[in-house]
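Morning, everyone. Please have the sequence and the 3D view open while I talk.

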Amino acid sequence: MQYVTGNNGQEYDGSQIEPSWAFQEFNIKDSTIVAWTGPMNIHNDNLIDYEDIGLDIKGNQMLHFIVEHFDIQPGNIKIAYLRQRILVMITQDILRKYNISTKRKGDDIFIGHGKLSVSIATASISSIKIHFALNITKQGTPDDVKTSALEDNNLTKIEINKIKEEIAKNYIEEIETIEQDITKTRVF
């Protein structure tokens, strides 16, 4: 699995959840986690979650992660959601190192009562995909959702970049150690 720093400033519009986006964007023929900072404004035709139809899903500045795995064909939606939860829990662990106390409800992270994250998992014939993002600022988030943001915790751009790197590297390590555990385990 490879980590790629995406194009900072690029808007997440939902099209990046399409299969093989990292290959098309960066010419990488492998499972990937791509991370970058930028706005989010998901277009209705790119919505994956039926519960989100008709809602504004947006933010002026977010820390985005796109994960794609090619190890199971056809893609298994249950495994996609399990891996999404691993990514969320890794994020909580890393934020705790920066003295940010969070709560998790499913795949959502909250600081107090404010929603810090957005996320979706999906599957295709060739892969499973995850989009996970954290609000860097509350500016531009929907008025009807109480949100929280990394900037409310006095994090610098350098610290946010370190958090991005740590999340991506820890996720890869977690997935790789699972694979190693599978190869060393006697099964019946």
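A definition before we start. Two strands pair if DSSP finds at least two bridges between them. Keep that in mind for strand 3 and strand 8, residues 128-135: 8 bridges join them, and they run antiparallel. One bridge to look up is Glu68, whose partner in strand 8 is Lys129. And a caution: this is a predicted model.

Now the other side of strand 3. How many bridges join strand 2 to strand 3? There are 9, and this pair runs antiparallel too. Strand 2 covers residues 32-41. Here are two of its partners. Ile33 bridges to Val67 in strand 3. Ala35 bridges to Phe65, also in strand 3.

For background, strands of a sheet pair through backbone hydrogen bonds, either parallel or antiparallel.

Now zoom out to the whole sheet. It is an open sheet of 5 strands, in the order 1-2-3-8-7. The pairing is mixed. Which strands stand at the edges? Strand 1 and strand 7, residues 117-123. Each has a single partner strand, so one side of each is left without a neighbour in the sheet. From one strand to the next, the twist averages 20°.

Next, the helices. Helix 2 packs on the sheet and touches strand 2, strand 3, strand 7 and strand 8. Its direction makes about 30° with that of strand 8. Helix 3 packs on the sheet as well. Helix 3 touches strand 1, strand 2, strand 3 and strand 8, and its direction makes about 20° with that of strand 3.

Back to strand 3, residues 58-69. Why do we call it largely enclosed by the rest of the structure? Because 9 of its 12 residues are buried. Buried here means under 20% relative accessible area.

Let's take one residue of strand 2: Val34. Is Val34 buried or exposed? Its relative accessibility is 0%, so Val34 counts as buried. Leave out residues up to four places away in sequence, and Val34 touches Val4, Gly6, Trp21, Ala22, Phe26, His64, Phe65 and Ile66. Look at Phe65 in that list. Val34 and Phe65 are 31 residues apart in sequence, yet their C-alpha atoms are 5.5 Å apart in space.

Now the loops. Ser20 is in the loop between strand 1, residues 2-5, and helix 1, residues 21-26. Ser20 is not a glycine, yet its phi is positive, near 65°. Asn27 sits in the loop between helix 1 and strand 2. Asn27 has a positive phi too, about 60°, and is not a glycine either. With a relative accessible area of 57%, Asn27 is exposed.

One more loop runs between strand 3 and helix 2, residues 77-97, and it holds Pro74. What kind of peptide bond joins Gln73 and Pro74? A cis one, with omega about -10°.

Last stop, a pocket. Rolling a probe the size of a water molecule over the atoms shows where empty space is left. The second largest pocket has about 170 Å³ of space. Its lining is Asn8, Thr37, Gln61, Ile136, Lys157, Ile160, Asn161 and Lys164. Which element gives the largest share of that lining? Helix 3, residues 157-184, with 4 residues. By class, the lining has 2 nonpolar, 4 polar and 2 charged residues.

That's my tour. Over to you.

Conventions: Residues numbered from 1 in each chain as written. Predicted model: local features only at pLDDT ≥ 70, side-chain atom pairs only at ≥ 80, totals over all residues. Heavy atoms only, no water. Buried < 20%, exposed > 50% of the residue type's maximum accessible area, 1.4 Å probe, protein only. Helix = DSSP H or I, 4+ residues; strand = E, 2+ residues; numbered from the N terminus. 1 Å grid on protein atoms, 1.4 Å probe; cavity = no way out; pocket = protein on both sides within 12 Å on 5 of 7 lines; lining within 4 Å. Points joined across faces, edges and corners; volume = space filled by probe spheres on them. Nonpolar A, V, L, I, M, F, W, Y, C, P; charged D, E, K, R; others polar. Axes fitted to C-alpha atoms, helices over the stretch in contact; angles between N-to-C directions. Contact = heavy atoms within 4.5 Å.
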